[in-house]
Amino acid sequence: MYRAVRAEIRSHEAPSDIVVVTIDDATLNELQTDVPDRKQDAELIDRLFKAGATRVFFDKAYADPTNPASDMALAQALARHDEVYLGAAPSSDVGIQRYATMMPAKMFRERAKLASMVGEAGPFGLSYRFPTVEMVDGKKIP
């Protein structure tokens, strides 16, 4: 409860130089897929940097391979841009749910930076906590 009150008191407008891009259901329906192809993500990275982005963060790990051409397109986009962050999360056991470690596939991990995707909800979902660093496979991930 205290966290929820603190969060409300500290809330403020987001800086105008931060942009969040999401892919909604209508867009996925238009693309006739439930997950964008990695080639599309590669094109998005290039377009965001061309538009003036200085850093790009993805809230997914890209842990598993898909088709080789799409994976290579993403790897090449990551190699062109130094400030792309891909998600990582440690394994965890929450009640009866067990989650495996999530790390980008090696071909992506070698070309991108990592950012933790760990967040914890407080009681009744009234607040959230996002640790500033998380240990993933023995490495500190901001």
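This report describes the pockets, aromatic pairs, salt bridges and nonpolar core of a predicted model.

## The largest pocket

The largest pocket holds about 1,100 Å³ of space. Its lining is made up of 28 residues, and those nearest the centre of the pocket are V19, V20, V56, F57 and F58. In character, this lining comprises 19 nonpolar residues, four polar residues and five charged residues.

Three elements of secondary structure each contribute at least two residues to the lining of the largest pocket: helix α3 (38-50), strand β1 (56-57) and strand β5 (113-116). The largest share comes from α3, which supplies three residues.

## The second largest pocket

The second largest pocket contains about 170 Å³ of space. The residues that line it are V21, T22, I23, L31, P36, Q40, D41, E43, L44 and R47. Five of these lining residues are nonpolar, two are polar and three are charged.

Helix α3 again has a leading part here, since the largest share of this lining, five residues, comes from that helix. α3 thus provides the largest share of the lining both in the largest pocket and in the second largest pocket.

## Aromatic pairs

The model has three aromatic pairs. One of them joins F58 and Y62: the ring centres lie 5.6 Å apart and the planes meet at 80°, so the arrangement is edge-to-face. F58 and Y62 are both buried. Another of the pairs joins Y62 and F108, with ring centres 6.1 Å apart and planes at 70°, so this contact is edge-to-face as well. Because Y62 belongs to the loop between β1 and α4 (68-80) while F108 belongs to helix α5 (residues 106-109), the pair ties together parts that are 46 residues apart in sequence.

Through these ring pairs, F58, Y62 and F108 are linked into a cluster. Y62 has a relative accessibility of 5% and therefore counts as buried. F108 also counts as buried, because its relative accessibility is 0%. In addition to its place in the cluster, F58 is among the residues nearest the centre of the largest pocket.

## The nonpolar core

In soluble globular proteins, nonpolar side chains tend to be buried together. In this model, the largest nonpolar core has 16 residues, of which I45, F58, L78, V84, L86 and F108 touch the most other members. The elements that contribute two or more residues to this core are α3, α4 and β2 (84-88). Helix α4 gives the most, with five residues.

Two of the residues that touch the most other members of the core, F58 and F108, also belong to the aromatic cluster with Y62. Helix α3 likewise appears in more than one setting, as a contributor to the core and as a source of lining residues for the largest pocket.

## Salt bridges

Side chains of opposite charge can pair when their charged atoms come close. The model has seven salt bridges. In one of them, the side chains of R80 and D46 meet with an N to O distance of 2.7 Å. This pair links distant parts of the chain, as R80 lies in helix α4 and D46 in helix α3, 34 residues apart. R80 has a relative accessibility of 48% and so counts as partly exposed. D46 is also partly exposed, because its relative accessibility is 26%. As a further indication of where R80 lies, its C-alpha atom is separated by 21 Å from that of V20, a residue 60 positions away along the chain.

Another salt bridge joins R98 and D93, whose closest N and O atoms are 3.3 Å apart. R98 has a relative accessible area of 70% and therefore counts as exposed. D93 is exposed too, because its relative accessibility is 57%. The side chains of E110 and K106 also form a salt bridge, at 3.9 Å from N to O. In this pair, E110 and K106 are both exposed.

How values were computed: Residues are numbered from 1 along each chain as its sequence is written. Side-chain values use heavy atoms; hydrogens and water are left out. On a 1 Å grid over the protein atoms alone, a cavity is a set of points where a 1.4 Å probe fits but cannot get out, and a pocket is an open set with protein on both sides within 12 Å along at least five of seven lines; lining residues have an atom within 4 Å of a point. Grid points are joined across faces, edges and corners, and a volume is the space filled by probe spheres set on the points. Helices (H or I, at least four residues) and strands (E, at least two) are DSSP runs, numbered from the N terminus. Ala, Val, Leu, Ile, Met, Phe, Trp, Tyr, Cys and Pro count as nonpolar, Asp, Glu, Lys and Arg as charged, and the others, Gly among them, as polar. Rings of Phe, Tyr and Trp (its six-membered ring) pair if their centres lie within 6.5 Å; planes under 30 degrees apart count as stacked, over 60 as edge-to-face and the rest as tilted. Buried means under 20% relative accessible area, exposed over 50%, partly exposed in between (1.4 Å probe, protein chains only). A salt bridge is a side-chain nitrogen of Lys or Arg within 4 Å of a carboxyl oxygen of Asp or Glu. A nonpolar core is a set of buried Ala, Val, Leu, Ile, Met, Phe, Trp, Tyr and Cys residues joined through side-chain atoms within 4.5 Å.
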